[in-house]
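Dear colleague,

Please find below the structure that I am handing over to you. A summary of what was found in it follows.

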Amino acid sequence: MLPCLYHCEQPRGNLISDVAGKHSNPPSEDEGGRQGPFKRLNAMWSSFRRGKRHGMRDPEPIEPDAPALADSTSTQHRCVSGQYFFEYLVVVSLKKTKDGSSYEPQITYQFPKRDQMHRSQKEDEEKTLKAITLFCFPEGINWAPLTEYHSETFSFVLTEIDGSRRNGYCRRLLPGGKGARPPEAYCIISSVACFGLFSKIFDEVEKRRQISMAMIYPFMQKLREAPFPAPGNTVEIKSFIPESGTEIISLTRPLDSWLEHVNFAMLFGCLTDEEVLLVFAAAVLERRIIFIADELGTLSQVIHAVAALLYPFTWQHTFISIVPEILIDVVMAPTPYLLGVQRHLLDQVNDQTDLLLVDLSEDKKNTFIVSDDEKDILPPKLQTEILEALSHRQKTSTTEELNRVVSEAFLLFFVKTVGHYMSHVKYNRSGEPGEFDKRGFYKAIESKTTRHFVKKFIQTQMFDLFIQDVEQQQPGPQQGIFYKKVLEYQEKKKREKKNKH
């Protein structure tokens, strides 16, 4: 099973996406006989998989020895949801190339080792590991030894052929030692999406790395043996550190599990409320959006926050929180995307048109380097209501409170615009899929500006996939936060109507 490196749309016959079923048509050739951007990306990825890109060598021998991956059935009872905290941890170091002219990223440590694997599985695993090195150091080969380096944490997503997703969490730092030296990256691969939780885990890893690489192994072993907590619960890890003794590390999972991979503070630290609204408008109609920043952590946190604003809908197109320099041609793709691009690559993207190019830098002159008609997308009255709801975030004191205020502001927007969807799904016979009455759905909206927006929104892939899921469900009460908010809103409207009479 080969990773696609990122959420993407691929030509038919090799479909790789978050949701199987519906995909847009494959991109066509560029004018002038040039290869289309997706074909070039596929070619680069094929070459990269063969280990030929930039003379990349196989990983060095991995040490120290670690026990083979335990049988999941024997540990299932330890994990609340049948999940481990993580699949494996790797350390990616920058090593000089054979000619000594530059550096290339190589995996120098892995826990646990994958010993009991078939040959084909090992080959696939090595390709995945090489892909990880690309995302840990997306800047390419232009590195020099440093005496000071501010550690940073960021994340990316690997999407497999079968549509399953794995999250990559990275902490880049300067290893202990004297004199100038290149940074190294610690990367945890996990099926769990919870950025805050893994940031705290990295704090513990970094603390142990400053003592000795050998100190990381027992801590990660304890973590792998620990039960993965349910939302709102805490798990405690006991870990021994020389001169400090045994420490107890508490890892708490947020109560709102659907927001546990998100921290809206970075998004609103980079953009004003009005600017966030314009970005949301572009995303909700599945436009091409590129974010520019120097810091990898800024890019990954902002792009995940923007995707979270779309709840209960899910971004279905190309999604790369940090575009490696080697894959920068993806910006030429004609299909929708959410991309994070480092500032030093701005010259390679600012000649693109028909997109929203957003500068997140502190010293920016203009937030929107390139923009379109985003101001006219959302109904004016609902824009005002979102901004009013967002003003309450100033009163929040914790990340969870902030996330709840922000998410509910945008969730209520969807409740008011498309929350009546269930009334327009017709079920004929028991056991058969329902059928959505699209015309009746938008005709039922009284506001002309809201109806105009909804007519555009129902043409998006995210809405189409959402309705397909609804059609496949059996008639009756639904589950989830969105449906709960819809019922609350409908009850409120009934009370208001009753009070008028």
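What share of the contacts in the protein with a separation of 6 or more is accounted for by residues 24 or more positions apart? The share is 66%. Please note that this is a predicted model.

Overall composition

The protein has 501 residues, and 52% of them are buried. Its secondary structure consists of 14 helices and 14 strands.

Aromatic pairs

In total, 25 aromatic pairs occur in the structure. One of them joins phenylalanine 86 to phenylalanine 111 in a tilted arrangement, with 6.3 Å from centre to centre and 45° between the planes. This pair connects distant parts of the chain, 25 residues apart: phenylalanine 86 belongs to the loop between helix H2 (72-75) and strand S1 (88-96), while phenylalanine 111 belongs to strand S2 (residues 103-111). Phenylalanine 86 and phenylalanine 111 are both buried.

A further pair is formed by phenylalanine 466 and phenylalanine 482, and here the geometry is edge-to-face, at 6.1 Å centre to centre and 75° between the planes. Phenylalanine 466 is found in helix H13 (residues 461-472) and phenylalanine 482 in helix H14 (residues 481-500), so placed that the pair links distant parts of the chain, 16 residues apart. Both phenylalanine 466 and phenylalanine 482 are buried.

Charges over rings

The ring of phenylalanine 86 also has a charged partner: the charged end of arginine 224 sits over this ring, 5.6 Å from its centre. In addition, arginine 208 lies over the face of phenylalanine 219, with 4.6 Å to the ring centre.

The crossing of H10 and H14

Helix H14, which contains phenylalanine 482, is met by helix H10 (residues 399-418), and the axes of H10 and H14 come within 10 Å and cross at roughly 65°. The crossing of H10 past H14 is right-handed. On the H10 side, the residues in contact are Glu408, Leu411, Leu412, Phe414, Val415, Lys416 and Val418, and on the H14 side they are Ile481, Phe482, Lys485, Val486 and Tyr489. Sorted by class, this contact of H10 with H14 comprises nine nonpolar residues, three charged residues and no polar ones.

Three individual residues

Isoleucine 107 is situated in strand S2, the strand that also holds phenylalanine 111. Isoleucine 107 counts as buried because its relative accessibility is 2%, where buried means under 20%. Its C-alpha atom is 6.6 Å in space from that of valine 90, and the two residues are 17 apart in sequence.

Threonine 450 has its place in helix H12 (residues 448-457). Its relative accessibility of 9% is why threonine 450 counts as buried. Apart from neighbours within four places in sequence, threonine 450 is in contact with Pro379, Leu382, Thr417 and Ile445.

Is glycine 177 buried or exposed? Glycine 177 counts as exposed because its relative accessibility is 52%, and the term exposed applies over 50%. This glycine 177 lies in the loop between strand S4 (165-173) and strand S5 (184-190). The C-alpha atoms of glycine 177 and threonine 147 are separated by 9.5 Å, and these residues are 30 apart along the chain.

Yours sincerely

Notes:
Residues numbered from 1 in each chain as written. Predicted model: local features only at pLDDT ≥ 70, side-chain atom pairs only at ≥ 80, totals over all residues. Heavy atoms only, no water. Phe/Tyr/Trp six-rings, centres within 6.5 Å; stacked < 30°, edge-to-face > 60°. Helix = DSSP H or I, 4+ residues; strand = E, 2+ residues; numbered from the N terminus. Buried < 20%, exposed > 50% of the residue type's maximum accessible area, 1.4 Å probe, protein only. Lys NZ or Arg CZ within 6 Å of the ring centre and 35° of its normal. Axes fitted to C-alpha atoms, helices over the stretch in contact; angles between N-to-C directions. Left-handed = near helix turned anticlockwise from the far one by under 90°. Contact = heavy atoms within 4.5 Å. Nonpolar A, V, L, I, M, F, W, Y, C, P; charged D, E, K, R; others polar.
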